[in-house]
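Biologist: Please take a close look at one part of this model, the strand pairing, and follow it strand by strand. Then go on to whatever else bears on how the chain is held together.

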Amino acid sequence: NYGPSGTVRPWAWVSAANWELPFGRGRAFANSLSRGADAIVGGWALSGIFNFEGGTYFTPYYLTSPQNLNSPIYDRPNLIGYPFKAGTVASNPTCKAPAQVRTVLNWYNQCAYGTPAQYTFGNAGRNSLLGPGYGEVDLSLTKSFAITEKTHLDLKWDVFNALNRVNLATPTGDGAAFVDVGNAGAITGIVDFRRRMQVGAHLTF
């Protein structure tokens with residue numbers, strides 16, 4: 001029963017950046033502006049968080065395995081081909097294979113799996129399939145107003161999932177990764193929200 005953990009991703013890259021725009025008093029450009037003009041042009045900052053990760057692992061199962069094993073336990077199928085290769089599988093020529101894999105309708109090739117013999121366990125590995133990756137970019141634009149020497153007002157515009165990327169869920173078919181159902185390999189959901197924005201104010205005194 002050896003295999004990767006279902007909560008582990010094969011790789012992850014997270015970084016953050018903050019850029020104070022070089023305009024206004026004390027900055028590289030337009031540093032001789034009047035106080036009124038500097039209140040509009042100066043004091044801007046752009047920041048962001050960048051998060052990209054590989055997919056999560058999941059296990060293929062056989063929906064009809066309780067009958068095959070005479071048990072309520074779902075069994076794994078036999079691996080008879082490479083699930084991330086499109087087209088007909090030589091050892092399963094009668095199965096209608098997808099022309100492409102890693103798509104919304106066919107994330108993997110279900111024809112790469114076969115039925116285990118009666119009262120035997122399939123040889124497909126635990127968490128042997130890898131789902132879609134994840135990516136999100138969050139951006140923030142901030143404008144700082146110096147009211148007095150100690151009092152500052154910060155206005156902030158946050159944009160979550162700024163690229164409006166669709167992060168696909170794991171293809172789990174009828175509630176589990178059954179490879180012998182009609183929608184095997186199909187992705188039917190997402191794991192994150194679409195682009196969202198919020199505006200806020202922060203007063204420091």
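Modeller: Two strands count as paired if DSSP finds at least two bridges between them. The model is predicted, and everything below is computed from it.

The sheet is open and has 5 strands in the order E1-E2-E7-E8-E9, with antiparallel pairing. Its edges are E1 (12–20) and E9 (196–204); each has a single partner strand, so one side of each is left without a neighbour in the sheet. From one strand to the next, the twist averages 15°. As background, strands of a sheet pair through backbone hydrogen bonds, in either a parallel or an antiparallel sense.

Start at the E1 edge. E1 pairs with E2 (residues 44–53) over 9 bridges, in the antiparallel sense. Ser-47 is a useful point at which to inspect E2, the strand where this residue is found. Along the chain Ser-47 and Asn-18 are 29 residues apart, yet their C-alpha atoms are separated by 4.1 Å. Apart from neighbours within four places in sequence, the contacts of Ser-47 are Ala-17, Asn-18, Asp-138, Leu-139 and Ser-140. Its relative accessibility is 21%, so Ser-47 counts as partly exposed; the limit for buried is under 20%.

Next come E7 (residues 134–146) and E8 (residues 152–160), which pair in the antiparallel sense over 8 bridges. Together E7 and E8 form a hairpin, with 5 residues between them. Within this pairing, Thr-142 is opposite Lys-156 in E8. On the way to the other edge, E8 is joined to E9 by 9 bridges, and these two strands run antiparallel. Val-159 and Met-197 of E9 stand opposite each other there.

Back at the E1 edge, the bridge partner of Trp-13 is Phe-52 in E2. The rings of these residues also belong to the aromatic pairs, of which the structure holds 5. For Trp-13 and Phe-52 the ring centres are 6.1 Å apart and the planes are at 20°, so the pair is stacked. Trp-13 lies in E1 and Phe-52 in E2, so the pair ties together parts that are 39 residues apart in sequence. Both side chains have some access to solvent by the area criterion: Trp-13 is partly exposed at a relative accessible area of 48%, and Phe-52 is partly exposed at 25%.

Another aromatic pair has a contrasting geometry. Tyr-82 and Phe-84 have ring centres 6.2 Å apart and planes at 70°, so this pair is edge-to-face. Tyr-82 counts as exposed, at 51% relative accessibility, whereas Phe-84 is buried, with a relative accessible area of 11%.

Phe-84 leads into the interior. The largest nonpolar core has 15 residues, and Phe-84 is listed with Phe-58, Trp-107, Tyr-108, Tyr-113, Leu-129 and Val-179 as those with the most contacts inside it. Phe-58, Tyr-108 and Tyr-113 also form one aromatic cluster. Val-179 is in contact with Tyr-108 and Tyr-113; its other contacts, leaving aside neighbours within four places in sequence, are Pro-60, Tyr-61, Tyr-62, Pro-77, Gln-110 and Ala-184. In soluble globular proteins, nonpolar side chains tend to be buried together.

There is also a covalent tie. A search of the whole structure finds 1 disulfide. It joins Cys-95 to Cys-111, with an S to S distance of 2.0 Å. The angle about the S-S bond is -75°, and the link of Cys-95 and Cys-111 is left-handed. Both Cys-95 and Cys-111 lie in the loop between E4 (78–79) and E5 (113–114), so the pair ties together parts that are 16 residues apart in sequence. Cys-95 is partly exposed at a relative accessible area of 21%, while Cys-111 counts as buried at 0%.

Two backbone angles remain to be noted. Most residues other than glycine have a negative phi. Arg-102 is not a glycine but has a positive phi of about 60°. Arg-102 lies in the loop between E4 and E5 and is partly exposed, with a relative accessible area of 46%. Tyr-119, also not a glycine, has a positive phi of about 60°. Tyr-119 is in the loop between E5 and E6 (129–130) and counts as exposed, at 56% relative accessibility.

Note on methods: Residues numbered from 1 in each chain as written. Predicted model: local features only at pLDDT ≥ 70, side-chain atom pairs only at ≥ 80, totals over all residues. Heavy atoms only, no water. Core = buried A, V, L, I, M, F, W, Y, C linked by side-chain atoms within 4.5 Å. Buried < 20%, exposed > 50% of the residue type's maximum accessible area, 1.4 Å probe, protein only. Contact = heavy atoms within 4.5 Å. Helix = DSSP H or I, 4+ residues; strand = E, 2+ residues; numbered from the N terminus. Axes fitted to C-alpha atoms, helices over the stretch in contact; angles between N-to-C directions. Disulfide = S-S within 2.5 Å. Phe/Tyr/Trp six-rings, centres within 6.5 Å; stacked < 30°, edge-to-face > 60°.
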